[in-house]
Amino acid sequence: MSSENNLKLNSIYAFKEGMSTVFDESGTAIPVTILRYAPWYVSQVKTVDNDGYQALQLACEPRKQKNSNKPDMGHFKKMGQETSFKFVREVRVDSLGEVKLGDQLTLESLIKGDVVKVTAKSKGHGFAGSVKRWGFAGGPATHGSKFHRQPGSSGNRTWPGRVMPGKKFPGHWGDATITVKNLKIVDVNLDENVVLVRGAVPGARNTLVKLVKV
């Protein structure tokens with residue numbers, strides 16, 4: 001694979017590390033989420049002539065030889081890689097510039113003060129009742145109500161005589177794609193490949209997070 005490329009992208013991917021607190025010039029505490037930027041490599045260049053649109057396919061974290069299948073190995077061999085990658089994503093671009101297969105993209109697409117929207121998969125909590133999942137109040141705790149954490153009435157009268165779509169029931173809580181808008185980049189550390197984003201970002205530690213500049 002070739003050397004670093006300073007191509008500026010409108011969106012990048014990073015991995016969530018956790019949360020911390022930093023202080024600004026006036027001493028105000030700012031809650032931040034720490035995102036770790038791992039090296040991403042250009043694995044395919046898509047053009048309007050060949051694919052109908054312009055984009056870059058990016059790959060991250062090479063797999064071991066024994067965990068790579070032949071079709072993927074054949075695809076990534078064009079960029080000089082002998083194995084496949086664990087993460088493969090695609091990013092639309094306005095200009096391809098001098099980008100080549102195998103180029104390593106840097107974190108310079110983001111700068112301090114940028115406003116981004118972040119998208120990630122939230123933590124999965126398994127099966128949950130309606131009180132925990134949706135915040136239902138439940139029934140009285142005493143006086144023999146026998147109605148404590150049940151979802152309550154779910155149907156209707158003779159008309160429409162059915163449960164309406166979208167009714168909040170017990171079920172699988174979390175493990176959903178969540179987007180949070182208008183988060184500010186507090187700091188970008190190019191030496192350690194770390195991004196500090198103000199506020200909370202969905203997902204658990206090591207969750208892949210997409211950041212898109214707005």
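F87 is buried, with a relative accessible area of 15%, and that makes a handy way into this predicted model. Here is a walk from the aromatic residues to the barrel, with a stop at a threonine in a loop.

**Aromatic pairs**

How many aromatic pairs does the structure hold? The count is four. One of them joins F87 to F15, edge-to-face, with 5.1 Å from centre to centre and 65 degrees between the planes. F15 sits in strand β2 (residues 11–23) and F87 in strand β6 (residues 85–92), so this pair ties together parts that are 72 residues apart in sequence. F15, like its partner, is buried, and its relative accessible area is 1%.

F76 and F85 make another pair: their ring centres are 5.0 Å apart and the planes meet at 70 degrees, so this one is edge-to-face too. The cut-off behind that call is an angle of over 60 degrees between the planes. Ring pairs also bring in Y41, which is linked with F76 and F85 into a cluster.

Here are the four phenylalanines from these two pairs, with their burial values; buried means under 20% relative accessible area.

| Residue | Relative accessible area | State |
|---|---|---|
| F15 | 1% | buried |
| F76 | 3% | buried |
| F85 | 4% | buried |
| F87 | 15% | buried |

**T207 in its loop**

Where is T207 found? Look in the loop between β12 (194–198) and β13 (208–213). Is T207 buried or exposed? T207 is buried, because its relative accessible area is 14% and the cut-off is under 20%. A polar atom of the T207 side chain lies 2.7 Å from the backbone oxygen of A204. If you leave aside neighbours within four places in sequence, T207 is in contact with A14, F15, K16, A120 and K121. F15 turns up again in that list, having already appeared as the ring partner of F87.

**The barrel**

Now for the strands. Six of them form a closed barrel in the order β2-β3-β12-β11-β8-β13, with antiparallel pairing. On average, neighbouring strands of this sheet are turned by 50 degrees against each other, direction ignored. As a reminder, strands of a sheet pair through backbone hydrogen bonds, either parallel or antiparallel.

To see one pairing up close, take strand β3 (residues 29–36), which pairs with β12 in the antiparallel sense over five bridges. Which residue of β12 stands opposite R36? That residue is V194. The barrel also takes in β2, the strand that holds F15, and both β12 and β13, the strands on either side of the T207 loop.

How values were computed. Residues are numbered from 1 along each chain as its sequence is written. This is a predicted model: local features need pLDDT of at least 70, side-chain atom pairs count only at pLDDT 80 or more; totals for chains, interfaces and linings use all residues. Side-chain values use heavy atoms; hydrogens and water are left out. Rings of Phe, Tyr and Trp (its six-membered ring) pair if their centres lie within 6.5 Å; planes under 30 degrees apart count as stacked, over 60 as edge-to-face and the rest as tilted. Helices (H or I, at least four residues) and strands (E, at least two) are DSSP runs, numbered from the N terminus. Buried means under 20% relative accessible area, exposed over 50%, partly exposed in between (1.4 Å probe, protein chains only). A polar contact is a pair of N or O atoms within 3.5 Å; within protein, one must be able to donate a hydrogen and the other to accept it, and residues adjacent in sequence count only if both atoms are side-chain atoms. Contact means heavy atoms within 4.5 Å. Two strands pair if DSSP finds at least two bridges between them. Axes are lines fitted to C-alpha atoms, for helices over the stretch in contact, and angles run from 0 to 180 degrees between N-to-C directions.
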